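Visitor: I would like to go through this model and ask, term by term, what each description rests on.

Guide: Then let us look at it together and set each value against its definition.

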Amino acid sequence: LLNTFGQEQDPKMIVEMAAFLNRLVSSLIGFVDYSPAARIITRLQQHYEALSGLDDPNSKRLRKSLSIRLNPATQKLLAADLKSGEASRQNNAVRLLESLGQTSLPLLIYIVKQEDDFRARQSAATILAKQGSQATSRLKNLLVLEITPEERVRVLDIIDTVTSDLITELLHALGDENRDVRLAAFRLSERLKDHRVVGMLLENAKTAKSELAVAAVNSLEKLKPPEAVEALAEIMKSTKNEALRIACCRALGQIAKPECIDPLSIILNKKSVILRRYIYSDRMRATAAFALGQIRQARAVKTLAAYVNDPDQRIREVARTVLRKVKKATRRRKIAPAVAKS
């Protein structure tokens, strides 16, 4: 039937056969028999493309009859296969959806928006990535249209599988009034590793509510942008939120540039003028010490050396560990030339 389909047949027969084959595809998918279903889809699409250059009304009617149509029940079966956890079912569903081409676009978009299962959404996004600019545009538009916050979060979690050109969409998401959407946007900014997002994250760190500001700084910690040092130091100095200060300390430790040493040293060392007590909490000081320990600079080591007998056990341990590492490295450098000479 497939081999003879479309060959010198009258239009009415082609329309009837196409309708039959569409029903057969749904039945085969229902019985998890994907291989013949894919063959039928391929044959229908080949005949559809053969008529694409013809502009007469008869050809247009034939093309319409040849388009693949998945009923709601079939769509649910494919979505279930994508999230099944069984490799063979997933692979078969992916191959079939890929063979559908643009026909699968509405279903894939629906899965991305509505499906809680991350595996299914990731598989759908992988297929969308192969469908060109139309699929990419549809998915990007979702982030600025009136979809629910839950749907927007689901899209943000997988959209970088489809495209990395997301600065405009990320800007909208970072400014979203919904907390979960903004947190998803921060996660996306970490995965993109695009230097253009640094300014957006810093703006959120300065202006957002405490939890979101901390999330923005946590993203900067993972990106490690050297240009953020001055802004992070200023935030750490001006904020009264200890969680945000601690996040800034950690970010400075990860950036690990010489410019990070002074703001961290202030946290570790600053005392009140009258009582001569440390201004910052033990937890804050311990975080600053740990961050200094990440900076491979002589001045950072010298700063920590003054705290080997600090009252806080965590700070003592960081300082002593760093000094031990430096002494071992120094011994190795001295031994190496002697071994070479011998």
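Visitor: Which residues of helix α10 (residues 167–174) are buried?

Guide: This is a predicted model, in which local features need pLDDT of at least 70, side-chain atom pairs count only at pLDDT 80 or more, and totals for chains, interfaces and linings use all residues. Residues are numbered from 1 along each chain as its sequence is written, and side-chain values use heavy atoms, with hydrogens and water left out. In α10, a helix being a DSSP run of H or I of at least four residues, numbered from the N terminus, the buried residues are Ile 167, Glu 169, Leu 170, Ala 173 and Leu 174. Buried means under 20% relative accessible area, exposed over 50% and partly exposed in between, with a 1.4 Å probe and protein chains only.

Visitor: Why are the buried residues of α10 said to line one face?

Guide: Viewed down the axis of α10, they fall within an arc of 160°, so they line one face of the helix; the arc is that of the directions from the helix axis to the C-beta atoms. The face turned away from that buried side carries the exposed residues Thr 168 and Leu 171. Among the elements covering the buried residues of α10 are α8 (133–142) and α11 (179–192), where contact means heavy atoms within 4.5 Å.

Visitor: What makes helix α6 (residues 105–114) mostly covered?

Guide: Seven of its ten residues are buried, including Leu 105, Ile 109 and Lys 113. The buried residues of α6 pack against α4 (72–82), α5 (87–100), α7 (118–128), α8 and α9.

Visitor: Why is α15 called roughly parallel to α17?

Guide: The axes of α15 (residues 242–255) and α17 (residues 282–293) come within 8 Å and cross at roughly 10°. Angles under 35 degrees count as roughly parallel, over 145 as roughly antiparallel, 65 to 115 as roughly perpendicular and the rest as oblique, so α15 is roughly parallel to α17. Axes are lines fitted to C-alpha atoms, for helices over the stretch in contact, with angles from 0 to 180 degrees between N-to-C directions.

Visitor: How do you know that Cys 249 is not bonded to Cys 248?

Guide: A disulfide is a pair of cysteine sulfur atoms within 2.5 Å, whereas the sulfur of Cys 249 is 7.4 Å from that of Cys 248, its closest cysteine sulfur, and therefore too far for a bond. A search of the whole structure finds zero disulfides. Cys 248, at 0% relative accessibility, counts as buried, and Cys 249 is buried with a relative accessible area of 0%.

Key: Helices (H or I, at least four residues) and strands (E, at least two) are DSSP runs, numbered from the N terminus.
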